[in-house]
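Q: Please take a close look at one part of this structure, the surroundings of the ligand. What lies around it, and how is it held?

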Amino acid sequence: MGFFDKLFKRNKDQEEQKAVLDEGLKQTKENFFSKISKAIAGKSEVDEEVLDNLEEALITADVGLDTTVTIIKNIEARVAKDKYINTGELNNILQEEIANILTDSSSTDYKTYGTPLDKKPYVILVVGVNGVGKTTTIGKLAYNFKKNGKSVLLGAADTFRAAAVDQLSIWSDRVGVPIVKKEMGSDPSSVAYDTIVSGIARDVDVIIIDTAGRLHNKAHLMEELSKIKRSIGKNMENAPHEVMLVLDGSTGQNALEQAKHFTAATEVTSLAITKLDGTAKGGVVLAIANQFKIPVKYIGVGERMEDLQVFNKYEFVDTLFSLQ
Ligand code: GDP
Ligand code: MG
């Protein structure tokens with residue numbers, strides 16, 4: 001049983017999710033754990049050497065310099081206050097301090113799948129570099145919304161490659177949700193526009209719009225995304241309600257860099273971090289959830305529809321620290 005377990009009463013569905021998370025984060029857990037246990041091996045007390053080792057362990061586990069420094073500072077302050085802290089207690093303190101500095105979605109609620117659905121249709125624009133998992137994440141989101149009783153419409157505004165439209169169409173068939181698409185090379189803004197018109201006419205709960213991830217230069221990206229946003233806003237005031245940036249967690253510090261670029265180029269209101277399965281670099285989630293005051297809403301831990309989870313910082317930290 002993990003340290004935060006006492007906070008949760010999981011239902012069956014959540015127990016299953018926790019098992020998927022455990023499995024998905026396996027490599028990160030092993031990496032994280034072996035580094036942290038090495039950092040404190042043979043020590044009975046938290047002294048400067050333990051803190052130095054811990055700092056190095058966190059940095060090499062992809063937690064990133066800034067976030068690591070914050071964690072270490074907070075632990076130092078606690079050690080100074082509580083005087084004698086042994087390394088056994090350090091484990092729990094570390095979990096608490098890590099969870100404390102992470103931003104998660106305050107609206108996180110499994111029933112609405114992490115999204116406040118008081119606006120109808122609720123419009124999500126999905127952005128991010130090519131290959132990070134945008135289209136896959138949209139498919140998984142659609143599946144989860146549908147499973148939670150919400151009607152969904154997809155918009156294929158990544159019109160640069162025929163394969164991109166096809167890929168979203170496959171997800172639309174697989175999940176059983178409608179899609180608005182045009183031929184390759186169409187203006188992405190016009191696809192976005194039509195998707196909103198259609199979504200309002202069909203009275204759907206959620207609209208999710210895919211975009212191309214070409215990051216030629218900041219000005220170009222900004223211009224294109226602004227144009228898409230304006231087209232969305234033409235038929236629905238205040239939409240898009242959410243601009244979700246998708247990041248590939250398996251790229252470690254690169255994901256952090258991409259988050260910096262994108263948030264500087266356009267207003268991002270939520271984050272999804274994918275491909276945390278099959279990587280040991282999942283520590284980057286801690287860096288991202290600390291350094292951007294934008295909530296991490298979802299994490300991807302596999303390629304199946306079921307493998308997208310609402311991010312809960314306590315569950316995440318708990319999983320990182322529990323070795324079966
Ligand atoms: P896009 O270019 O941003 O739309 O990225 P795609 O959705 O096409 O995804 C690129 C690749 O990453 C595909 O092969 C996906 O199956 C894979 N992928 C996406 N999310 C995950 C994930 O959470 N775990 C794993 N293992 N693969 C993923
Ligand atoms: Mg795509």
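A: The following describes the shell around ligand 1.

This is a predicted model, in which local features need pLDDT of at least 70 and side-chain atom pairs count only at pLDDT 80 or more, while totals for chains, interfaces and linings use all residues. Residues are numbered from 1 along each chain as its sequence is written, chains are lettered from A and ligands numbered from 1 in the order in which they are written, and side-chain values use heavy atoms, with hydrogens and water left out.

Around ligand 1 there are 17 residues, of which Gly131, Lys134, Thr136, Asp277 and Glu303 come nearest (a residue is near if one of its heavy atoms lies within 4 Å). By class, this shell has three nonpolar, nine polar and five charged residues; Asp, Glu, Lys and Arg count as charged, Ala, Val, Leu, Ile, Met, Phe, Trp, Tyr, Cys and Pro as nonpolar, and the others, Gly among them, as polar. Helix H6, residues 134–147, gives the largest share of the shell, four residues (helices are DSSP runs of H or I, at least four residues, numbered from the N terminus).

Oxygen atoms of ligand 1 take part in polar contacts, meaning pairs of N or O atoms within 3.5 Å. A backbone N or O atom of Gly131 is 2.7 Å from one ligand oxygen atom. In the side chain of Gln167, an N or O atom lies 2.9 Å from an oxygen atom of ligand 1, and for a polar side-chain atom of Lys140 the distance to a ligand oxygen atom is 3.3 Å. On its own, ligand 1 has 580 Å² of accessible area, and the protein covers 80% of it (Shrake-Rupley method, 1.4 Å probe).

Terms used:
A polar contact is a pair of N or O atoms within 3.5 Å; within protein, one must be able to donate a hydrogen and the other to accept it, and residues adjacent in sequence count only if both atoms are side-chain atoms. Helices (H or I, at least four residues) and strands (E, at least two) are DSSP runs, numbered from the N terminus.
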